[in-house]
Amino acid sequence: MIMPLRPGLPEQTVWPGSRPSLCGLLKWMASDTYHWLRDGYGPHTPPPGEETFTDVHIRHLRQAMGSRVKVVQFNKEQESFNGADWELWIHNRSHGLGFRIQAKKESKEGQYGFRYWLDERKAFQCDLLIHDAQAVGCIPVYLLYNHEAWAIRKDAARLLCGHTADDRSHYGCSLLSAHQVQAQLFSQALGVRGRISHVQLREISAPWNQVLCDLKGKAGARDPRGTGTLQAIQRRAEAVERAGWATLSSVDRGEFASPSHACGGNPEVRVGTWLGDQATEERPEPVLRALPDRVLRLLEADPLRPPEQPIPTRAVVLYDVSDAEETVNHLVGCVRY
Ligand SMILES: [Zn+2]
């Protein structure tokens, strides 16, 4: 059983018996990560590695969400050739949104391992994260594990849910479009002046609970199919991705297909194309994306004998938002709801 980390902070309590909202659970996990890293860079050194956090997060999602979450795990050896650690789908059994997720832990000095190069595929992990995500219909994101909070920009905050932790520890886990990192790698490879620092990248990332929030704005609004929830999550996720594309588009890329190519790597690894809804923010609701057959098969599959994946990750986590209204415990985590 998981206990509150610091008894004095009511925000850190977690699901005693009933299922929390996804926002509440992600917020709690972010808070746990934030304090665990601070402890690890402080009195209880060393902090855990990225793999430990990933395993613990997937464990918590499975443990807390009951039948709403399905986790399919794969052989860890396959992961080393991929740009992603795991895949997350938020769905209502017919439509939904997938993320390819690569975790990066903040160092004590505020740096992240973004320049990781995979010799096997002659490319930056970042380029592969994007390349592979596009091949399987997912949004490529970095999941940053942070030990410092920051002042989120007002225009970014406007797009996010308002569920935060009083001690700002919800900044412990944040999502960053992989295109933001790709833009930075391009700038480095081509020696462009005025490069983006890691701290700046962290500051344009968004707390994951605030992007993936499954709580609705109006109390009592019924949404048995989870359509409104999915649309809200898609709107926020696409805003994150769109901002990444905008940054990438603003960088001079020369004649190169990708930062890997610019550094003598595989020219077949390209920056790709925008998969998202082309609509601008003026359109009130995004058009939901149909789940790929591959994901529909995973929903039906025996988790011990899952169908082979085209580009496997360590795990695929499938979170069902349908019929969420009746059973969500609004009091856990998102106390300001
Ligand atoms: Zn929320």
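In the predicted model, Arg202 and Glu106 form a salt bridge in which the closest N and O atoms are 2.8 Å apart. The two residues come from distant parts of the chain: Arg202 belongs to helix H6 (residues 198–204), Glu106 to the loop between E3 and E4, and 96 residues separate them. Arg202 is buried, with a relative accessible area of 4%. Glu106 also counts as buried, because its relative accessibility is 0% and the limit for this class is under 20%.

A second salt bridge joins the side chains of Glu87 and Arg294, with an N to O distance of 2.9 Å. Glu87 is part of strand E2 and Arg294 is part of helix H10 (residues 293–300), so this pair ties together parts of the chain that are 207 residues apart in sequence. Glu87 is buried, at a relative accessible area of 1%, and Arg294 is buried at 11%.

Arg305 pairs with Asp302, and here the closest N and O atoms lie 2.6 Å apart. Arg305 counts as exposed, with 63% relative accessibility, whereas Asp302 is partly exposed at 33%. Elsewhere, salt bridges with shared partners connect Glu106, Glu148, Arg202 and Glu203 into one network. The count for the model comes to twelve salt bridges. Side chains of opposite charge can pair when their charged atoms come close.

Arg236, located in helix H8, is buried but has no salt bridge. The nearest side chain of opposite charge is that of Asp214, 8.0 Å away. This distance exceeds the 4 Å limit for a salt bridge, so the two are not counted as a pair. When residues up to four places away in sequence are left aside, Arg236 touches Leu159, Leu160, Cys161, Gln210, Val211, Leu212 and Cys213.

Two of these contacts, Cys161 and Cys213, also take part in binding a zinc ion. The ion is coordinated by the SG atoms of Cys23, Cys161 and Cys213 and by ND1 of His163, at 1.9 to 2.3 Å. The angles subtended by the four donor atoms run from 95 to 117°, which makes the arrangement tetrahedral. Along the sequence, the spacing of the donor residues is C-x137-C-x1-H-x49-C. Cys161 and Cys213 link distant parts of the chain, 52 residues apart: Cys161 sits in the loop between helix H4 (154–157) and strand E7 (173–177), and Cys213 in the loop between helix H7 (208–211) and helix H8 (227–249). Both Cys161 and Cys213 are buried, with Cys161 at 9% relative accessibility. Cys23 is buried as well, at 0%. The model has zero disulfides.

Some backbone features were also noted. Most residues other than glycine have a negative phi, and most peptide bonds are trans. The bond joining Thr45 and Pro46 is a cis peptide bond, with omega about 0°. Pro46 lies in the loop between helix H1 (22–40) and helix H2 (50–65). Arg93 is not a glycine, yet has a positive phi of about 80°. Arg93 is found in the loop between strand E2 (86–91) and strand E3 (96–105), and is partly exposed, with a relative accessible area of 48%. Lys122, likewise not a glycine, has a positive phi of about 50°. Lys122 occupies the loop between strand E4 (117–118) and strand E5 (123–124) and counts as exposed, at 51% relative accessibility.

How values were computed
Residues numbered from 1 in each chain as written. Predicted model: local features only at pLDDT ≥ 70, side-chain atom pairs only at ≥ 80, totals over all residues. Heavy atoms only, no water. Donors = N, O, S within 2.8 Å, 3.2 Å for Na, K, Ca; no water. Tetrahedral: all angles 85-135°; square planar, octahedral: opposite > 155°, others 65-115°. Helix = DSSP H or I, 4+ residues; strand = E, 2+ residues; numbered from the N terminus. Buried < 20%, exposed > 50% of the residue type's maximum accessible area, 1.4 Å probe, protein only. Disulfide = S-S within 2.5 Å. Lys, Arg positive; Asp, Glu negative; His and termini not counted. Contact = heavy atoms within 4.5 Å.
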